[in-house]
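Work through the exercises below with the sequence and the 3D view open. Try each task before you read its solution.

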Amino acid sequence: MEQKDYLLREIEKIGVVLRAILNRLTGSKGNFATTVESVFEKTDEELVHKINFDLTCFLALDESASLDYISRFEGMSSINLELLAEIIYQIAIQGSARQKRILLEKAIFLYEFCETTDKTFSFVREQRIKEIKKAL
């Protein structure tokens, strides 16, 4: 019982952090002085500080190493992975061409991983996968 409670708390904690970051990325675009690099750095710092997830490291990993990396996080449910994919996607659509491709490839990797592991079909996720494939 205690282990289940711990896992639920971890899932909720990661979800709260990811939603807060996503809200910041998709919120008002009033601060034009903010560069994509600074948004990426701030997001990476926040993920490392709050849930010990190193986005820079994660982006550099191949698919199998990426799966190993995310499997170490007990609170990475398919919902949280989808939030992480959306964060990466939002950074990508604001980024430079070089960085954009890497980010989009990792986002689609996460979305497709969610497709294979989640028992529920998501129309939104399917649409996002199509958008990313079209952008690549």
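The exercises go from the whole chain to single residues.

This is a predicted model, in which local features need pLDDT of at least 70, side-chain atom pairs count only at pLDDT 80 or more, and totals for chains, interfaces and linings use all residues. Residues are numbered from 1 along each chain as its sequence is written, and side-chain values use heavy atoms, with hydrogens and water left out.

**Exercise 1. The whole chain**

Task: Find how many helices and strands the protein chain has, then judge its compactness from the radius of gyration.

Solution:
- Step 1. Helices (H or I, at least four residues) and strands (E, at least two) are DSSP runs, numbered from the N terminus. The chain has seven helices and zero strands.
- Step 2. The radius of gyration, taken over C-alpha atoms, is compared with a globule rule of 2.2 Å times the number of residues to the power 0.38. The chain comes to 15 Å, close to the 14 Å that the rule gives for 136 residues, so it is as compact as a globular protein of that length.
- Step 3. Now take the box. Along the principal axes, the C-alpha atoms fill roughly 50 × 30 × 25 Å.

**Exercise 2. The core**

Task: Name the residues of the largest nonpolar core that touch the most other members, and find the helix that supplies the largest share.

Solution:
- Step 1. Buried means under 20% relative accessible area, exposed over 50%, partly exposed in between (1.4 Å probe, protein chains only). By this cut-off, 41% of the 136 residues count as buried.
- Step 2. A nonpolar core is a set of buried Ala, Val, Leu, Ile, Met, Phe, Trp, Tyr and Cys residues joined through side-chain atoms within 4.5 Å. The largest one has 38 residues, and L47, F53, L55, I91 and L110 touch the most other members.
- Step 3. Helix α5 gives the largest share of this core, nine residues.
- Step 4. Contact means heavy atoms within 4.5 Å. Not counting residues up to four places away in sequence, I91 touches L25, V36, V39, F40, T43, L55 and L103.

**Exercise 3. Aromatic rings**

Task: Classify the ring pair F53 and F73.

Solution:
- Step 1. Rings of Phe, Tyr and Trp (its six-membered ring) pair if their centres lie within 6.5 Å; planes under 30 degrees apart count as stacked, over 60 as edge-to-face and the rest as tilted. The count by this rule is five aromatic pairs.
- Step 2. The centres of F53 and F73 are 5.3 Å apart and the planes stand at 55 degrees, so the pair is tilted.
- Step 3. F53 is in the loop between α2 and α3, and F73 is in the loop between α4 and α5, 20 residues apart. Both are buried.
- Step 4. F53, F58, Y69 and F73 form one aromatic cluster.

**Exercise 4. V17 and S122**

Task: Decide whether V17 and S122 are buried or exposed, and list what they touch.

Solution:
- Step 1. V17 is in helix α1 (residues 2–26). Its relative accessibility is 9%, so V17 counts as buried.
- Step 2. Leaving aside neighbours within four places in sequence, V17 is in contact with L47, K50 and I51.
- Step 3. S122 lies in the loop between α6 and α7. S122 has a relative accessible area of 16% and is therefore buried.
- Step 4. S122 touches E82 and E115, again not counting residues up to four places away in sequence.
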